[in-house]
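Please give a short report on this protein for someone who has not seen it before. Start with the overall layout, then go to the helix packing, the core and the unusual backbone angles.

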Amino acid sequence: MRIAAVAILVAAVVAGLIYSGVLSRHEVEGAARKALTKTEGVVQEATGGYHGELPQNVNAAAKCRETLKKIEAAKRAVAQKKSQTVGTVPLKEVLDYLGWQKLPACPSGGTYSLNTLERVASCSIGGNQTASAEDDHMIQNW
Ligand SMILES: [Zn+2]
């Protein structure tokens, strides 16, 4: 919304300058095209479509979070069966519950940790401190 307000203001000023003959229409068109290209870059960056959050990273992170949720759900199910609410749950029991031989590898090369019941399962890649959680390799408590 703020970008729109600034754009309207700039357009009004430029129109005024053209009208008063300070700027030629040709100059303004070139500058406007440059500004538009720049704005597109800023918008892309703000929406997470720019550097750091490439679609393949987002897809890999989504797969990673899916796996983390499966691991965490299995860990809690095993603990519940034993009426356990804190501490560690044996990895073997969690794998047996899932029907897995071992923990899979994260699609981005991270490794998974079961952690205790006080801390959700995690990927070694984790989060990257950006505003978007889309490319983060972590799940929240639920
Ligand atoms: Zn991961």
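Two residues are in contact if their C-beta atoms, placed from the backbone, lie within 7 Å. By that rule, among contacts between residues at least 6 apart in sequence, 51% join residues at least 24 apart. The model is a predicted one.

**Layout**

The protein has four helices and two strands. Along the sequence they follow the pattern α-α-α-α-β-β. There are 142 residues in the protein, and buried residues make up 15% of them.

**Helix H3**

Helix H3 covers residues 55-81. How does its length compare with what is expected? At 1.5 Å a residue, the 27 residues of H3 should span 39 Å, and the end C-alpha atoms are 39 Å apart, so the two agree. The buried residues of H3 are Ala-61, Cys-64, Thr-67, Leu-68, Ile-71, Glu-72, Ala-74, Lys-75 and Val-78. They pack against H4, E1 and E2. After H3 comes Ser-83, with a positive phi near 55°.

**H3 against H4**

Helix H4 spans residues 91-98. Its axis comes within 9 Å of the axis of H3, and the two cross at roughly 110°. Angles of 65 to 115 degrees count as roughly perpendicular, and H3 and H4 are therefore roughly perpendicular to each other. On the H3 side, the contact involves Lys-70, Ile-71, Ala-74, Lys-75, Ala-77 and Val-78. On the H4 side, Glu-93, Val-94, Tyr-97 and Leu-98 take part. By class, this contact has seven nonpolar, no polar and three charged residues.

**The core**

In soluble globular proteins, nonpolar side chains tend to be buried together. Here the largest nonpolar core has 13 residues. Cys-64, Leu-68, Ile-71, Val-94, Leu-114 and Ala-121 touch the most other members. H3 gives the largest share of this core, six residues. Leu-68 shows contacts beyond its own helix. Leaving aside neighbours within four places in sequence, Leu-68 is in contact with Tyr-112, Ala-121, Cys-123 and Ile-139.

**Two residues with positive phi**

Asn-115 and Gln-129 each have a positive phi, though neither is glycine. The table sets them side by side.

| Residue | Phi | Place | C-beta atoms within 10 Å |
|---|---|---|---|
| Asn-115 | near 60° | loop between E1 and E2 | 15 other C-beta atoms |
| Gln-129 | near 70° | segment after E2 | 6 C-beta neighbours |

Is Asn-115 buried or exposed, or in between? A residue is buried if 20 or more other C-beta atoms lie within 10 Å of its own, exposed if 12 or fewer, and partly exposed in between. Asn-115 has 15 and is therefore partly exposed. Gln-129 has 6 such neighbours, so it counts as exposed.

The loop that holds Asn-115 runs between strand E1 (112-113) and strand E2 (122-123). Not counting residues up to four places away in sequence, Asn-115 touches Val-120, Ala-121 and Ser-122. What separates Asn-115 from Glu-72 in sequence and in space? The two are 43 residues apart in sequence and 9.2 Å apart in space, C-alpha to C-alpha. Glu-72 is one of the buried residues of H3.

Conventions:
Residues numbered from 1 in each chain as written. Predicted model: local features only at pLDDT ≥ 70, side-chain atom pairs only at ≥ 80, totals over all residues. Axes fitted to C-alpha atoms, helices over the stretch in contact; angles between N-to-C directions. Parallel < 35°, antiparallel > 145°, perpendicular 65-115°, else oblique. Nonpolar A, V, L, I, M, F, W, Y, C, P; charged D, E, K, R; others polar. Expected span 1.5 Å × (residues − 1). Core = buried A, V, L, I, M, F, W, Y, C linked by C-beta atoms within 7 Å.
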